[in-house]
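This report describes one protein chain, beginning with its fold and ending with its cysteines. The sequence and the structure are shown here for reference.

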Amino acid sequence: RSNNMAQFVRLWSERSCVIRGVVEAALEADRNRKKEYNAAVAIQSWFRGCVVRRNIRTLHKWAVVIQKNYRAYTGRKIYRKRLEECWEEMQQRHYNNMATKIQSCWKGYYVRKHVFNYHARKNYLDGVLTNNQIVLEKIESRWKKVDELKEKNEEKLQELRTLQEARRLHHMLSTQMIDGVFKPCGRKDPLPFETLMRELRYAPLRYQCGGSREGDHEG
C-alpha cells in the first residue's frame, strides 16, 4: 500500500510531463493521420489493382480458350460443309461426263447404223478428193499455159521493140572510115545490136521517115 501511494505521488508530481507527452502524441498523430491515410489508400489501391489485373488475366486466358475452341468448332463445321459441297460437285461432274460419253457412243452408233452408211460416205468423200485433185491439176496446167503464153508475148514484144529501136538508130551504123556508136574504138567485132541493125531490111525512105518519127515520139 505504501508502494502504491509512492507511485501515485510520483505520477502526480510528473503529471505535467505525462499530459505534455499525451498532447504531443495526439498532435503527432494528427499530423501523420493524412499521410498514413494516403499510404493506406495507396496500399489498398495497389493490392486491389493486383487482384483486378490477376482476375482480368485469368478472364482473358479463359476467354482466349473459349474463342479458340469456338472458332475451331465453327471452322470444322464450315470445312465439313464445303467438303460435302465439293464432293457432291465432283460426283455430279463425274456423272455428267459418264452420261456424255454414253450419249456420244449411242448417237455415234445410231448415226452410223441408221442415218448414213460410213463406207458409202467414205467412198463419196474419196471421189470428191480425187475430183478436186484433177481440177487443181487442170487449173495448174492452165495457169502454166497462160504464163508461157504471157512470156512468149513479152518476148515477141521485146523483139519488136528491139527491131523498132534498131530501125530508128540505123544512121548510127559503123562505116569503113568511121566507127559507129555501137562499135567501141579498138574492138574488131561490132556489138550484137549493130549486127542486128545490119541484118535488118529497111522499108522505103518515106516509111522509114514515118517510122523514125513515130520512134522519136515514142522515145
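The sections below take up the overall fold, the salt bridges, two surface patches and the cysteines.

## Overall fold

The model is a predicted one, and its secondary structure consists of 5 helices and 0 strands. Followed along the sequence, these elements give the pattern α-α-α-α-α. Two of the helices recur in what follows, namely helix α2, which spans residues 15–115, and helix α3, which spans residues 118–168.

Of the 219 residues in the protein, 5% count as buried, where buried stands for a relative accessible area under 20%.

## Salt bridges

The structure contains 2 salt bridges. One of them joins Arg 93 to Glu 89, with the closest N and O atoms 3.2 Å apart. Both residues belong to helix α2, and because they lie 4 residues apart there, about one helical turn separates Arg 93 from Glu 89. Arg 93 is partly exposed at a relative accessible area of 43%, and Glu 89 is likewise partly exposed, with a relative accessibility of 47%.

A salt bridge also links Lys 122 with Asp 126, and here the closest N and O atoms are 3.5 Å apart. This pair sits in helix α3, where a spacing of 4 residues places Lys 122 and Asp 126 about one helical turn from each other. Lys 122 has a relative accessible area of 40% and is therefore partly exposed, while Asp 126 is partly exposed with a value of 33%.

## Surface patches

A patch of negative charge on the surface is formed by Asp 147, Glu 148, Glu 151, Glu 154, Glu 155 and Glu 159. Glu 148, one of these residues, is located in helix α3. With a relative accessible area of 46%, Glu 148 is partly exposed, and a residue must have over 30% relative accessible area to be included in a patch.

A second kind of patch is nonpolar: Trp 106, Tyr 109, Tyr 110, Val 111 and Val 115 together make a surface patch of about 510 Å². Among them, Tyr 109 is placed in helix α2, and its relative accessible area of 42% makes Tyr 109 partly exposed.

## Cysteines

How many disulfides does the structure have? A disulfide is a covalent bond between the sulfur atoms of two cysteines. When a disulfide is taken as a pair of cysteine sulfur atoms within 2.5 Å, the count for this model comes to 0 disulfides.

The accessibility of two cysteines can be stated as well. Cys 50 is partly exposed, having a relative accessible area of 27%, whereas Cys 105 counts as exposed at a relative accessibility of 55%. The assignment for Cys 105 follows from the cut-off, because exposed means over 50% relative accessible area and partly exposed covers the range between that value and 20%.

Definitions and conventions:
Residues numbered from 1 in each chain as written. Predicted model: local features only at pLDDT ≥ 70, side-chain atom pairs only at ≥ 80, totals over all residues. Heavy atoms only, no water. Patch = residues over 30% accessible without salt bridge, like charges linked within 9 Å, V, L, I, M, F, W, Y side chains within 5 Å. Areas by Shrake-Rupley, 256 points an atom, 1.4 Å probe, with all protein chains shown as cover. Salt bridge = Lys/Arg side-chain N within 4 Å of Asp/Glu carboxyl O. Lys, Arg positive; Asp, Glu negative; His and termini not counted. Charge placed at Lys NZ, Arg CZ, Asp CG, Glu CD. Buried < 20%, exposed > 50% of the residue type's maximum accessible area, 1.4 Å probe, protein only.
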